[in-house]
Amino acid sequence: MGPISAADYGIVSALKCERVLLKFDPKDLNGSTRNGGAAVACSDGDTDIRVFHGQISHRPHCQLITGGTLRYIPSFRGYKKRFAFELMRDLKALMSIKETKTLFLYLHAPCGMAIKYLYGIREQISLAAEARNFFASDQFFVPEKIHLLFHVKRLDTGGDLKQRTYKIAL
Ligand SMILES: [Zn+2]
């Protein structure tokens with residue numbers, strides 16, 4: 001899958017102006033990835049989320065599934081309850097085994113699963129907020145240790161491919 005369209009990048013730019021998407025600096029984590037942290041990300045081969053995540057965690061414990069974080073959200077149009085239940089069980093096992101409470105929930109664009117179920121960028125961001133609330137309502141997780149991230153693949157004005165990861169501030 002190629003980069004996002006210019007129109008979609010316009011939406012990303014607007015979200016940056018609205019301070020919904022913020023620059024994410026891994027240094028802000030203040031060592032909370034000492035045990036690696038765990039990431040839920042899309043297994044889409046058209047994104048370098050894993051490369052990015054390797055930079056913020058020296059031991060990148062990843063749960064990679066098609067659609068990533070979207071698959072957990074009950075209101076997501078592609079939600080499958082039993083699958084989501086098993087995913088959650090698997091994620092908790094991963095975090096327990098690796099002794100970490102730090103969780104990175106990734107969404108990205110363009111994401112094949114988001115496109116398949118007709119979600120635009122803004123709708124995806126709304127789903128991200130829902131995901132955070134969903135995880136935060138489960139006592140296994142520590143709300144301050146849940147990080148929502150949005151990975152974007154686009155062409156810059158010179159036609160070069162750029163990939164950026166933003167913090168979702170919702
Ligand atoms: Zn995806």
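Me: What makes the span between the end C-alpha atoms of α5 agree with its 16 residues?

Reply: This is a predicted model, and the check on α5 is a comparison of two lengths computed from it. The expected span is 1.5 Å times one less than the number of residues. For the 16 residues of α5 this gives 22 Å, and the end C-alpha atoms lie 23 Å apart, which agrees.

Me: Why are the buried residues of α5 said to line one face of the helix?

Reply: The buried residues are I121, Q124, I125, L127, A128, A131, R132 and F135. Seen down the axis of α5, they fall within an arc of 155 degrees, so they line one face. These residues pack against α1, β4, α4, β5 and β6.

Me: Which residues of helix α2 are buried, and which exposed residues are carried on the face turned away from them?

Reply: I49, F52, H53 and I56 are the buried residues of α2, which runs over residues 49–56. Their directions from the axis of α2 fall within an arc of 100 degrees, so they line one face of the helix. V51 and Q55 are exposed and sit on the face of α2 turned away from the buried side. The cover over the buried residues of α2 includes β2 (38–42), β3 (61–65), β4, β5 (146–155) and β6 (161–168).

Me: How many helices and strands does the chain have, and in what pattern?

Reply: There are five helices and six strands. Read along the sequence, they follow the pattern α-β-β-α-β-α-β-α-α-β-β.

Me: What radius of gyration does the chain have, set against that of a compact globule?

Reply: A compact globule of 170 residues would have a radius of gyration near 15 Å; the chain has 15 Å, so the value agrees with the rule. Along the principal axes, the C-alpha atoms fill a box of roughly 45 × 35 × 30 Å. Buried residues make up 38% of the 170 residues. Of the contacts between residues at least 6 apart in sequence, 69% join residues at least 24 apart.

Me: Why is L70 called buried or exposed?

Reply: A residue is buried if 20 or more other C-beta atoms lie within 10 Å of its own. L70 has 27 such neighbours, so L70 counts as buried. L70 lies in the loop between β3 and α3. Setting aside residues up to four places away in sequence, L70 touches F76, G78, L107, M113, A114 and L127. The C-alpha atoms of L70 and Y106 are separated by 8.9 Å, with the two residues 36 apart along the chain.

Me: Why are R19 and L118 counted as buried or exposed?

Reply: A residue is exposed if 12 or fewer other C-beta atoms lie within 10 Å of its own. R19 has 8, so R19 is exposed. L118 also has 8 C-beta neighbours inside 10 Å, so L118 counts as exposed. R19 is in the loop between α1 (6–17) and β1 (21–23), and L118 is in the loop between α4 and α5 (121–136).

Me: What makes the backbone at R19, L118 and P110 worth listing?

Reply: Most residues other than glycine have a negative phi, and most peptide bonds are trans. Phi of R19 is near 60 degrees, a positive value. Phi of L118 is also near 60 degrees. The bond that joins A109 and P110 is cis, with omega about 0 degrees. P110 is found in the loop between β4 (103–109) and α4 (112–116).

Me: Why is β5 described in terms of the rest of the structure around it?

Reply: Eight of the 10 residues of β5 are buried, so β5 is largely enclosed by the rest of the structure. One residue of β5, F150, touches L21, L107, H108, I125, A128, Y166 and I168, not counting residues up to four places away in sequence.

Me: In what sense does β5 pair with β4, and in what sense with β6?

Reply: β4 and β5 are parallel, over seven bridges, and Y106 stands opposite L149 in β5. β5 and β6 are antiparallel, also over seven bridges, and K162 in β6 is the bridge partner of R154. β5 and β6 form a hairpin with five residues between them, and G159 in the turn has a positive phi of about 85 degrees.

Me: Which residues touch the most other members of the largest nonpolar core?

Reply: In this core of 40 residues, they are L105, Y106, A128, L149 and F150. At least two residues of the core come from each of α1, β2, α2, α3 (81–97), β4, α4, α5 and β5.

Methods
Residues are numbered from 1 along each chain as its sequence is written. This is a predicted model: local features need pLDDT of at least 70, side-chain atom pairs count only at pLDDT 80 or more; totals for chains, interfaces and linings use all residues. Helices (H or I, at least four residues) and strands (E, at least two) are DSSP runs, numbered from the N terminus. The radius of gyration is taken over C-alpha atoms; the globule rule is 2.2 Å times the number of residues to the power 0.38. Two residues are in contact if their C-beta atoms, placed from the backbone, lie within 7 Å. The arc is that of the directions from the helix axis to the C-beta atoms. A nonpolar core is a set of buried Ala, Val, Leu, Ile, Met, Phe, Trp, Tyr and Cys residues joined through C-beta atoms within 7 Å. Two strands pair if DSSP finds at least two bridges between them.
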